[in-house]
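Here are some exercises to work through with the structure open beside you. Try each task yourself before you read its solution.

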Amino acid sequence: MTADVIDGKAFAADVRARVAEQVTRLKADHGITPGLAVVLVGEDPASQVYVRSKGKQTIEAGMASFEHKLPADTPEGELLELVEALNKDPQVHGILVQLPLPDHVDADKVINAIAPAKDVDGFHVSNVGLLGTGQKAMVPCTPLGSLMLLRDRLGSLSGLNAVVIGRSNIVGKPMAQLLLQDSCTVTVAHSRTRDLADVVRRADIVVAAVGRPEMVKGEWIKPGATVIDVGINRVPAPDKGEGKTRLVGDCDYASCAEVAGAITPVPGGVGPMTIACLLANTLTACCRANGLEAPQDLTA
Ligand code: NDP
């Protein structure tokens with residue numbers, strides 16, 4: 001079997017176009033422009049790339065983008081003051097603090113200082129609680145984008161066996177919650193899981209969010225399963241020239257694609273969905289802040 005390739009890039013472009021359409025309508029009908037503030041502390045090269053890309057796509061969707069770049073040694077108190085100012089700013093409907101933060105900053109404290117209604121990353125403890133109890137929450141963008149790809153591919157997920165590899169607060173745990181809400185039977189695997197290959201082999205849906213290049217092998221995959229590779233790992237690519245690198249996922253794409261029914265590529269799978277969902281969440285936050293109905297179908 002050769003797996004179908006799940007084209008996250010095209011899917012994300014469609015979501016962004018629908019967001020942009022709603023933004024145009026919001027401006028025309030209500031004179032409101034959704035605004036997203038992104039805070040970057042320090043010079044981490046990967047974070048800089050993400051933030052640049054987020055800013056560009058925010059503007060392309062017709063929204064206002066506010067970037068706050070702070071030096072790596074910014075005291076925690078100063079960061080908290082900035083978050084407080086953004087909480088109060090009526091032009092800002094979504095706030096995203098780019099992770100990781102420098103070691104001297106308590107990331108939980110900063111994330112929990114964001115007004116939950118503006119927490120478009122869905123990391124605030126209130127949104128985590130709302131999601132966990134099946135209430136209306138801001139849902140973390142990467143798991144939400146992954147879920148959208150799964151629903152698009154499979155329709156109903158009810159009754160399917162899903163294995164999520166990874167239990168981080170930003171990907172693994174919320175992904176498991178979303179799959180459970182869609183009535184999957186969910187197993188969450190992690191670094192202490194025994195016989196991981198056997199666990200994965202039982203899954204109709206595999207979501208890999210590990211951060212280990214090409215760890216999941218084709219022989220672990222149940223024939224026909226749907227594989228969502230969240231991993232983004234930069235590895236040396238001597239074939240491209242000295243010092244060159246390339247991006248790979250947490251799944252060994254070549255061998256997994258021989259067995260799976262469908263698989264997301266890296267790049268071009270889950271990655272583009274993350275920013276598309278961020279824009280959708282910002283639009284939702286803006287609508288709610290203005291007492292308007294948020295468009296449901298954008299992240300259905
Ligand atoms: P974390 O490092 O926070 O979590 C990794 C998880 O993988 C942990 O739960 C860890 O287990 C588990 N793990 C590590 N080694 C193994 C192993 N050998 N076997 C089984 N489980 C293991 O990573 P994130 O969740 O933040 O990110 C995961 C990946 O997703 C990374 O590659 C990251 O770059 C990518 N990512 C991609 C995004 C996108 O937009 N596409 C967005 C966010 C992340 P334990 O808890 O026991 O330590």
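## Exercise 1: An unusual backbone angle

D195 sits in the loop that links β6 to α8 (196-201). Please keep in mind that this model is predicted.

**Task.** Find the sign of phi at D195.

**Solution.** Start with the residue type: D195 is not a glycine. Now read the angle: phi is positive, at about 50°.

## Exercise 2: Two cis peptide bonds

**Task.** Which residue is joined to P100 by a cis peptide bond, and which one to P267?

**Solution.**
- Step 1. Go to the loop between β4 (94-97) and α4 (107-111), where P100 lies. The cis bond joins L99 and P100, with omega about 0°.
- Step 2. Move on to the loop between β11 and α10, which holds P267. Here the cis bond joins V266 and P267, and omega is again about 0°.

## Exercise 3: The sheet of three strands

**Task.** In what order do the strands of the three-stranded open sheet stand, and which of them are at the edges?

**Solution.** A reminder to begin with: strands of a sheet pair through backbone hydrogen bonds, either parallel or antiparallel.
- Step 1. Reading across the sheet gives β3-β2-β4, with parallel pairing.
- Step 2. β3 (64-70) and β4 are the edge strands; each has a single partner, so one side of each has no neighbour in the sheet.
- Step 3. Ignoring direction, neighbouring strands here are turned by 15° against each other on average.
- Step 4. Look at one pair in detail: seven bridges connect β2 (residues 35-41) with β3 in the parallel sense. Within this pair, L40 stands opposite K69 in β3.
- Step 5. Add the helices. α2 packs on the sheet and touches β2, β3 and β4, its direction making about 160° with that of β3. Helix α3 (residues 76-88) also lies across β2, β3 and β4, at about 175° to β2.

## Exercise 4: The sheet of six strands

**Task.** Trace the order of the six-stranded open sheet, then find the helices that pack on it.

**Solution.**
- Step 1. The order is β1-β11-β8-β7-β5-β6, and the pairing is parallel.
- Step 2. The edges belong to β1 (4-5) and β6 (185-189); with a single partner strand each, they have one side left without a neighbour in the sheet.
- Step 3. Helix α6 (residues 141-154) packs on this sheet, in touch with β1, β7 (205-208), β8 and β11, and its direction makes about 160° with that of β8.
- Step 4. Helix α7 (residues 172-181) lies across β5 (161-165), β6 and β7, running at about 170° to β5.
- Step 5. Zoom in on one pair: β8 (residues 226-229) and β11 (residues 262-263) run parallel and are joined by two bridges. V227 faces I263 in β11.

## Exercise 5: Three helices that meet α10

**Task.** How is α10 oriented to α1, to α2 and to α6?

**Solution.**
- Step 1, α1. Helix α1 (residues 8-30) and α10 have axes 8 Å apart, at an angle of about 20°. Angles under 35 degrees count as roughly parallel, so α1 and α10 are roughly parallel to each other. Their crossing is left-handed. Residues in the contact include F11, V15 and V19 of α1 and A276, L279 and L283 of α10. By class, the contact has 14 nonpolar, two polar and two charged residues.
- Step 2, α2. The axes of α2 (residues 45-60) and α10 (residues 270-289) come within 10 Å and cross at roughly 50°. The two helices are therefore oblique. This crossing is right-handed. S53, K54, Q57 and T58 of α2 meet I275, L278 and L279 of α10. The classes are three nonpolar, three polar and one charged.
- Step 3, α6. The axes of α6 and α10 come within 8 Å, crossing at roughly 110°. Angles of 65 to 115 degrees count as roughly perpendicular, so that is the answer for α6 and α10. Among the contact residues are L144, M148 and L149 of α6 and M273, C277 and L278 of α10. The contact has eight nonpolar, five polar and no charged residues.

## Exercise 6: Domains

**Task.** How far apart are the C-alpha centres of domain 1 and domain 2?

**Solution.** First place the bounds: domain 1 covers 29-117 and domain 2 covers 141-271. The C-alpha centres of the two domains lie 28 Å apart.

How values were computed:
Residues numbered from 1 in each chain as written. Predicted model: local features only at pLDDT ≥ 70, side-chain atom pairs only at ≥ 80, totals over all residues. Heavy atoms only, no water. Pairing = 2+ DSSP bridges. Helix = DSSP H or I, 4+ residues; strand = E, 2+ residues; numbered from the N terminus. Contact = heavy atoms within 4.5 Å. Axes fitted to C-alpha atoms, helices over the stretch in contact; angles between N-to-C directions. Parallel < 35°, antiparallel > 145°, perpendicular 65-115°, else oblique. Left-handed = near helix turned anticlockwise from the far one by under 90°. Nonpolar A, V, L, I, M, F, W, Y, C, P; charged D, E, K, R; others polar. Domains from an automatic or database assignment.
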